[in-house]
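Here are some short exercises to work through with the coordinates loaded. Try each one yourself before reading its solution.

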Amino acid sequence: AWKKIMESNHEKMLEAKANLDRFFDPFFERDLFGVLDINYNSQPTILYGLQKMGIKVDGEYIKNTNKETQKKIKDLPVTKALETYRQAVKAYGTYGQTYLDAIHPKTGRIHPKFNQYGTDTARPSCRGGLNVLNVPRDKQFRNAFTTEPGRMISTVDFSGAELRIMADQSGDPLMVEGFNSGTDFHCFVASMLFGVEVTK
């Protein structure tokens, strides 16, 4: 199942690269094997390509690729193609061979290493390169995790444990009311801040 996920992600990555190559092809050379010689992780290289395409920001040719500039060009086809490619590369790299390599030769299982208080916010984290805490909710990923017949895998979400503890310890009446109302706490806060009724 995991190999199928890897194959699917690899295909998506190749499709995304082929689409992105169409934008940059006229401005970069190809190597001896016909592969476009460009590093899509290099900001100077991307900037050069965008300048060659004649991309303008605020009426002038693009001068940088900082976050403010990225926001201004996010709807351009080339920018969307670049984002799609980067997402595909990340998915292929993050949910790929690392998981298969982590299968223990004796148990046939993966054994993630958890830090119960692994972050500054006291949330758990994984160490050792296998982060099972960020596996996508998509069923193709979740269904790849199985156990023996007669056993079950249980996932547990503490549902805003930190905020609930804070509400309990501080006794803040608005926080307590927010949790007791049954409304999503973040919606409750947004409703209070912006004076907009929470809708389902």
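**Exercise 1.** Which residues in helix 4 are buried?

*Solution.* Keep in mind that this is a predicted model. Start with the cut-off: a residue is called buried when its relative accessible area is under 20%. Going through helix 4, you should arrive at Val78, Thr79, Ala81, Leu82, Tyr85 and Ala88. Next, look at what these side chains face: the buried residues of helix 4 pack against helix 1 and helix 2.

**Exercise 2.** Check the span of helix 4 against what its 18 residues should give at 1.5 Å a residue.

*Solution.* First, the expected span is 1.5 Å times one less than the number of residues. For the 18 residues of helix 4, that comes to 26 Å. Then take the distance between the end C-alpha atoms, which is 26 Å, so the two values agree.

**Exercise 3.** Is Thr79 buried or exposed, and what lies 2.8 Å from a polar atom of its side chain?

*Solution.* Thr79 lies in helix 4. Its relative accessible area is 18%, so Thr79 counts as buried, the limit being 20%. Now find a partner for the polar side chain: a polar atom of the Thr79 side chain lies 2.8 Å from the backbone oxygen of Ile73. Finally, set aside the neighbours within four places in sequence, and Thr79 is in contact with Ile73 and Lys74.

**Exercise 4.** Describe the surroundings of Thr65, beginning with where it is found.

*Solution.* Thr65 is found in the loop between strand 2 (60–61) and helix 3 (67–72). Although it is a loop residue, Thr65 is buried, with a relative accessible area of 16%. Its side chain makes a polar contact of 2.8 Å with the side chain of Gln43. Beyond the neighbours within four places in sequence, Thr65 is in contact with Gln43, Leu47, Leu50 and Gln70.

**Exercise 5.** What is the volume of the second largest pocket, and which element gives the most to its lining?

*Solution.* The second largest pocket holds about 240 Å³ of space. Its lining has 18 residues, and those nearest the centre are Gln70, Ile73, Thr79, Leu82 and Arg86. Two or more lining residues come from each of helix 2 (43–53), helix 3 and helix 4 (77–94). Helix 4 gives the most, with six residues. By class, the lining divides into seven nonpolar, six polar and five charged residues.

**Exercise 6.** Work out the make-up of the lining of the largest pocket.

*Solution.* The largest pocket has a volume of about 1,800 Å³. It is lined by 38 residues, with Phe114, Val132, Leu133, Ser154 and Thr155 nearest its centre. Sorting the lining by class gives 21 nonpolar, nine polar and eight charged residues. Helix 1 (2–24), helix 5 (97–101) and helix 7 (161–170) each supply at least two residues, and the largest share, three residues, is from helix 7.

**Exercise 7.** What is the phi of Asp58, and where is Asp58 placed?

*Solution.* Begin with the usual expectation: most residues other than glycine have a negative phi. Asp58 is not a glycine, yet its phi is positive, about 55°. Asp58 sits in the loop between strand 1 (56–57) and strand 2. With a relative accessible area of 62%, Asp58 is exposed, the cut-off being over 50%.

Terms used. Residues numbered from 1 in each chain as written. Predicted model: local features only at pLDDT ≥ 70, side-chain atom pairs only at ≥ 80, totals over all residues. Heavy atoms only, no water. Helix = DSSP H or I, 4+ residues; strand = E, 2+ residues; numbered from the N terminus. Buried < 20%, exposed > 50% of the residue type's maximum accessible area, 1.4 Å probe, protein only. Polar contact = N/O pair within 3.5 Å; in protein donor to acceptor, adjacent residues only side chain to side chain. Contact = heavy atoms within 4.5 Å. 1 Å grid on protein atoms, 1.4 Å probe; cavity = no way out; pocket = protein on both sides within 12 Å on 5 of 7 lines; lining within 4 Å. Points joined across faces, edges and corners; volume = space filled by probe spheres on them. Nonpolar A, V, L, I, M, F, W, Y, C, P; charged D, E, K, R; others polar.
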